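Please read the following briefing with the structure open beside it. The bullet points are grouped by topic, so that each group can be checked against the picture in turn.

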There are 2 protein chains.
Amino acid sequence: MKSIHVSVYEDNDKLRGLLELLINNTDGFHITNTYSNCLNVKNEMTKDHPDVVIMDIDMPKCNGINGVRMIKEFDVNIRVLMHTVFDNDDNLFACLTNGADGYLLKRDTSEQLIPAIREVFEGGAPMSPGIARRVLEAFHHPKETAVDKYNITPREIQVLELLARGFSYRMIGIEFSISPETVKRHLKNIYQKLSVQCGPEAVAKAIREKII
Amino acid sequence: MKSIHVSVYEDNDKLRGLLELLINNTDGFHITNTYSNCLNVKNEMTKDHPDVVIMDIDMPKCNGINGVRMIKEFDVNIRVLMHTVFDNDDNLFACLTNGADGYLLKRDTSEQLIPAIREVFEGGAPMSPGIARRVLEAFHHPKETAVDKYNITPREIQVLELLARGFSYRMIGIEFSISPETVKRHLKNIYQKLSVQCGPEAVAKAIREKII
DNA sequence: TCGCTTATGACCCAAAAGGGTTATTGCCGT
DNA sequence: ACGGCAATAACCCTTTTGGGTCATAAGCGA
């Protein structure tokens, strides 16, 4: 059976050495190379052709968030496993957006790292438990909360939806068989409830708060 | 140490019995009750007060997608672990939106079920590998694609952003030290590139296509 | 150097948006 | 039965928006 080839990006010299030692001394795994920053990702990927990359986030010059993006631009088939002390949502979702295939926190992965590398190589998505939880929570948009929060009525939602589709007051009125003046009335109420000044701003807020 | 209390929703009689047997015969776990559909979730939760619910999707009368929603409406602290043969995206994301805390495929979890129950009880989010992967992929929207697709320039994005924040042409002009006529010019170009008719529609499209 | 894109700006003009005010109807809950 | 709220509608008015047209300067790549 062919070994899994792993490259490591980690700026802490001691940790980088430990990772290399750990991975190279595990059957079925082989370190192609280790790096302390990702300024030359493209050249390094061309040279190494790893199956899996272990990527730290906090590195000087060029951080791992850019690193994962560059690797995925070079070859989307290289699996990238984030390995970081940061567990804030901004970093997490920035990495996922850029194509990270897994996300491990350094503090809870000393003996979970090797199985995680195998898992990501096999097409899985290893995540520390707290991370997986936050990822699922991102899908759990409470749905009605924003509507309740601003007291938007069903009719107002209908009007907003058409506004966001480019309908004029007149067209919205025709669509619902009501006067354009009433449409205006609804929108006036919406603007007040959302604390916005005009249509575009209302649409932006409504979409971002999942009202429409 | 107190046992983890588990309720099971599963319409297959044989499997339901097996799950009960497995869980009841594991130290630290205790079955409160098992059910073959979720028509009376609220009463059952009131009676059982489980820590964790194992929820099948394909059940007669009322499926598990509604089931998880009802349980979370009753008490958001009850952990719900989906356990199903379906691995299509529609079911998956419907469950996650409704608040599921984990998602296991029946085919690959005979001996992973107990650890998964413990993990979800402890606040984790156990997922079958293929599931976790698809969840992460949902975040991987390629970012620059839409901007490229419509040929939106950096300046146009800036203008759109302020429009979405409720700025008038005049205010945008002041912000960038350009004439409101130029702002209009930019927006005219944007509307054409996005194939929209007006500001609200442009803002809606820009947000939904992740341009802003 | 020529053509293309980007960013800039102006003028005319019609349509739309949006603020203020006032009022009626129907429904729901107390 | 009464008050509150959603939905309806009209009027006045100013500001904003957006379509059409024309024009210029800077930068960039073939």
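In this predicted model, 33 residues of chain B are in contact with 32 residues of chain A. On the side of chain B that touches chain A, two or more residues each come from helix 4 (89–97), helix 6 (129–139), helix 8 (154–164) and helix 11 (199–208) of chain B. Helix 11 of chain B gives the largest share of that side, namely seven residues.

**Where the two chains meet**

- Sorted by class, the residues on the side of chain B that touches chain A are 17 nonpolar, nine polar and seven charged.
- The copies meet through the same surface, because 97% of the interface residues of chain B are also interface residues in chain A.

**How the two chains are related**

- A turn of 178°, together with a shift of 0.6 Å along the axis, lays chain B on chain A with an RMSD of 1.5 Å.
- This is the relation of a two-fold axis.
- In chain B, the C-alpha that lies nearest the axis belongs to Pro200(B), and the distance between this atom and the axis is 1.6 Å.

**The sheet of chain B**

- Chain B has an open sheet of five strands in the order 2-1-3-4-5, and the pairing is parallel.
- Strand 2 and strand 5 (102–105) of chain B stand at the edges and have a single partner strand each, so one side of each is left without a neighbour in the sheet.
- From one strand to the next, the twist in this sheet of chain B averages 20°.
- Strand 1 (residues 4–9) of chain B runs parallel to strand 2 (residues 29–35) of chain B, and six bridges join the two; within this pair, Ile4(B) stands opposite Phe29(B) of strand 2.
- Between strand 1 and strand 2 of chain B, the chain passes through helix 1 (residues 13–24) of chain B, and this β-α-β crossover is right-handed.
- Strand 1 of chain B is also joined to strand 3 (residues 52–55) of chain B, by four bridges and again in parallel, with Val53(B) in strand 3 as the bridge partner of Ser7(B).
- As a general point to keep in mind while following a strand, the side chains of a regular strand alternate between the two faces of the sheet.

**The sheet of chain A**

- In chain A there is likewise an open sheet of five strands, with the order 2-1-3-4-5 and parallel pairing.
- At its edges stand strand 2 (29–35) and strand 5 (102–105) of chain A, and since each has a single partner strand, one side of each is left without a neighbour in the sheet.
- The twist in the sheet of chain A averages 20° from one strand to the next.
- Strand 3 (residues 52–55) and strand 4 (residues 79–84) of chain A run parallel and are joined by four bridges, and Val52(A) stands opposite Arg79(A) of strand 4.
- Helix 1 (residues 13–24) of chain A lies across strand 1 (4–9), strand 2 and strand 3 of chain A, and it runs at about 165° to strand 2 of chain A.

**The surfaces near the DNA strands**

- Around DNA strand C there are 22 residues, of which Cys198(A), Thr153(B), Arg155(B), Ile178(B) and Ser179(B) are the closest.
- Two or more residues of the surface near DNA strand C come from each of helix 9 (169–176) and helix 10 of chain A, and from each of helix 8 and helix 10 of chain B.
- The surface near DNA strand C is made up, by class, of seven nonpolar, eight polar and seven charged residues.
- Around DNA strand D there are 23 residues, and those that come nearest are Thr153(A), Arg155(A), Ile178(A), Ser179(A) and Cys198(B).
- For DNA strand D, at least two residues of the nearby surface are supplied by each of helix 8 (154–164) and helix 10 (180–194) of chain A, and by each of helix 9 (169–176) and helix 10 (180–194) of chain B.
- The residues of the surface near DNA strand D comprise eight nonpolar, eight polar and seven charged ones.

Key. Residues are numbered from 1 along each chain as its sequence is written. Chains are lettered from A and ligands numbered from 1 in the order in which they are written. This is a predicted model: local features need pLDDT of at least 70, side-chain atom pairs count only at pLDDT 80 or more; totals for chains, interfaces and linings use all residues. Two strands pair if DSSP finds at least two bridges between them. A crossover is right-handed if, with the strands pointing away from the viewer, the path from the first strand over the helix to the second runs clockwise. A residue is near a molecule or strand if its C-beta atom, placed from the backbone, lies within 6 Å of it. Ala, Val, Leu, Ile, Met, Phe, Trp, Tyr, Cys and Pro count as nonpolar, Asp, Glu, Lys and Arg as charged, and the others, Gly among them, as polar. Two residues are in contact if their C-beta atoms, placed from the backbone, lie within 7 Å. Copies are superposed by least squares on the C-alpha atoms of residues with pLDDT of at least 70 in both. Axes are lines fitted to C-alpha atoms, for helices over the stretch in contact, and angles run from 0 to 180 degrees between N-to-C directions.
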